[in-house]
Amino acid sequence: MTTRYAERMAVEIDGEGEAVLMLHGLGGTSNTWTPLLPAVARHLRVRPDLPGSGRSDRVEGPLSLDGFVTAGLRALATAGAERAHVIAHSMGTIVAAHLAALHPTVVRSLALFGPLLAPPDPARSNLRARAQKARSEGVAGMQEIADALVQASTSATTRAKRHAAVGCVRESLMRQSPDGYARSCEALADMQPADTTRIACPVLLVTGDDDVVAPPQAVRQMGDKLAQTNASVEVHVLRGCGHWTPVEMPDECSELLRRFLAQRR
């Protein structure tokens, strides 16, 4: 495995074969995808810490959707890849959808976990309030944010039985730079949906029945919207799973992803 830096953005690159670009969500890093790596063992794996997150917190200035799309393209260029299957979680799924709509020759397929086209309006104000808390209270604020999100965004089953998953989510959030996390929250709060009529590649949508960020009904509606102009859309709902699908139920997510990518060969 090699870690390269592209304009202060950390990008982990390993493997060989068709490229997969793996985009984490808010509060995540490239490590969000560690549980799913066996499912993409035959691929060139490109996993950035998006600007503002993880080791890429030193990327300066306001963050934005356009900047994240550019960061995805830059990560692929750093790996020497021209096309990729894009695998994304949460905020990363918004970025991935725009990437597919704006650069259809780059994106072979989309596999989206905890997917959403854009934050609902009530979530936008909550994200801005969270940004203010992280910026004003620093590390202590991030601990409170992490504890609150573990309760809100993982399933009851995960909290009761999957203690390692809970620890991974909490650690991922607590290790974020408060300023980088605040800027990421603000960027997410401003995101608008991609033009789904321009997404022609195969799409896999996976959410949990206990996901309050990407609830099943909303994800099914997203699938229906995509299916109006796209003949290859799959929707799967995992029982006993919250929003952190790749971490909470990695075996089930890996099987769905492995099967989806095998159909693309």
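## Chatting through a predicted model

In helix H6, the buried residues are Pro178, Gly180, Tyr181, Ala182, Arg183, Ser184, Cys185, Ala187, Leu188 and Ala189.

Trainee: Before we go on, what kind of model is this?

Mentor: This is a predicted model, so please read every value we discuss as computed from it.

Trainee: Okay, back to H6. How many of its residues are buried?

Mentor: The helix is mostly covered, with 10 of its 12 residues buried.

Trainee: And what covers them?

Mentor: The cover over the buried residues of H6 includes four helices: H1 (65–78), H2 (91–102), H3 (121–153) and H5 (163–174).

Trainee: How does the span of H6 compare with what the 1.5 Å a residue rule expects?

Mentor: It agrees. H6 runs over residues 178–189, and those 12 residues should span 16 Å. The C-alpha atoms at the two ends are 16 Å apart.

Trainee: Let me zoom out. How many helices and strands does the protein have?

Mentor: There are 9 helices and 8 strands. The radius of gyration is 17 Å, close to the 18 Å from the globule rule for 265 residues, so the protein is as compact as a globular protein of that length.

Trainee: What does the C-alpha trace span along its principal axes?

Mentor: About 50 × 40 × 35 Å.

Trainee: What share of the residues is buried?

Mentor: Buried residues account for 56% of the 265. As for contacts, take those between residues at least 6 apart in sequence: 77% of them join residues at least 24 apart.

Trainee: Now the inside. How many residues are in the largest nonpolar core?

Mentor: That core has 67 residues, and Leu21, Leu110, Tyr181 and Ile199 have the most contacts inside it. Tyr181 is also one of the buried residues of H6.

Trainee: Why would such side chains gather like that?

Mentor: As a general tendency, nonpolar side chains in soluble globular proteins are buried together.

Trainee: Pick Leu110 for me. Which residues does it touch?

Mentor: Setting aside residues up to four places away in sequence, Leu110 touches Val86, Ala96, Ala97, Ala100, Ile199, Cys201, Pro202, Val203, Leu204 and Phe260. Apart from the largest core lies another one, of 20 residues, with Leu37, Met249, Cys253 and Leu256 among them.

Trainee: You mentioned Phe260. Which charged end sits over its ring?

Mentor: That of Arg264, placed 4.6 Å from the ring centre.

Trainee: And how many aromatic pairs are there?

Mentor: The count is 1. Trp33 and Phe113 form that pair, edge-to-face, at 6.3 Å centre to centre with 65 degrees between the planes. The pair links distant parts of the chain, 80 residues apart: Trp33 is in the loop between strand E3 (19–23) and strand E4 (44–48), while Phe113 is in strand E6 (residues 107–113).

Trainee: Are those two buried or exposed?

Mentor: Trp33 has a relative accessible area of 0%, so it is buried. Phe113 is buried too, with a value of 0%.

Trainee: What about Thr32, where does that one lie?

Mentor: Thr32 lies in the loop between E3 and E4, and its relative accessibility is 5%, so it counts as buried, the cut-off being under 20%. Leaving out neighbours within four places in sequence, Thr32 is in contact with His24, His89, Trp244, Pro246 and Val247.

Trainee: Another threonine, then. Where is Thr158?

Mentor: Thr158 is in helix H4 (residues 156–161) and counts as buried at 0% relative accessibility. With neighbours within four places again left aside, Thr158 contacts His163, Ala165, Val166, Gly240 and Glu248.

Trainee: Switching to backbone angles: what is the phi of Glu7?

Mentor: Glu7 has a positive phi of about 50 degrees, although it is not a glycine. Glu7 sits in the loop between strand E1 (2–6) and strand E2 (9–14), where it is exposed at 61% relative accessible area.

Trainee: And Arg8?

Mentor: Arg8 is not a glycine either, yet its phi is positive at about 70 degrees. Arg8 lies in the loop between E1 and E2 and counts as partly exposed, at 41% relative accessibility.

Trainee: Last one: which residues does Tyr5 touch?

Mentor: Not counting residues up to four places away in sequence, Tyr5 touches Ala10 and Arg55. Tyr5 belongs to strand E1. From Tyr5 to Arg74 it is 69 residues in sequence and 10 Å in space, C-alpha to C-alpha.

Definitions and conventions: Residues are numbered from 1 along each chain as its sequence is written. Side-chain values use heavy atoms; hydrogens and water are left out. Rings of Phe, Tyr and Trp (its six-membered ring) pair if their centres lie within 6.5 Å; planes under 30 degrees apart count as stacked, over 60 as edge-to-face and the rest as tilted. Buried means under 20% relative accessible area, exposed over 50%, partly exposed in between (1.4 Å probe, protein chains only). A charge sits over a ring if NZ of Lys or CZ of Arg is within 6 Å of the ring centre and within 35 degrees of the ring normal. A nonpolar core is a set of buried Ala, Val, Leu, Ile, Met, Phe, Trp, Tyr and Cys residues joined through side-chain atoms within 4.5 Å. Contact means heavy atoms within 4.5 Å. The expected span of a helix is 1.5 Å times one less than its number of residues. The radius of gyration is taken over C-alpha atoms; the globule rule is 2.2 Å times the number of residues to the power 0.38.
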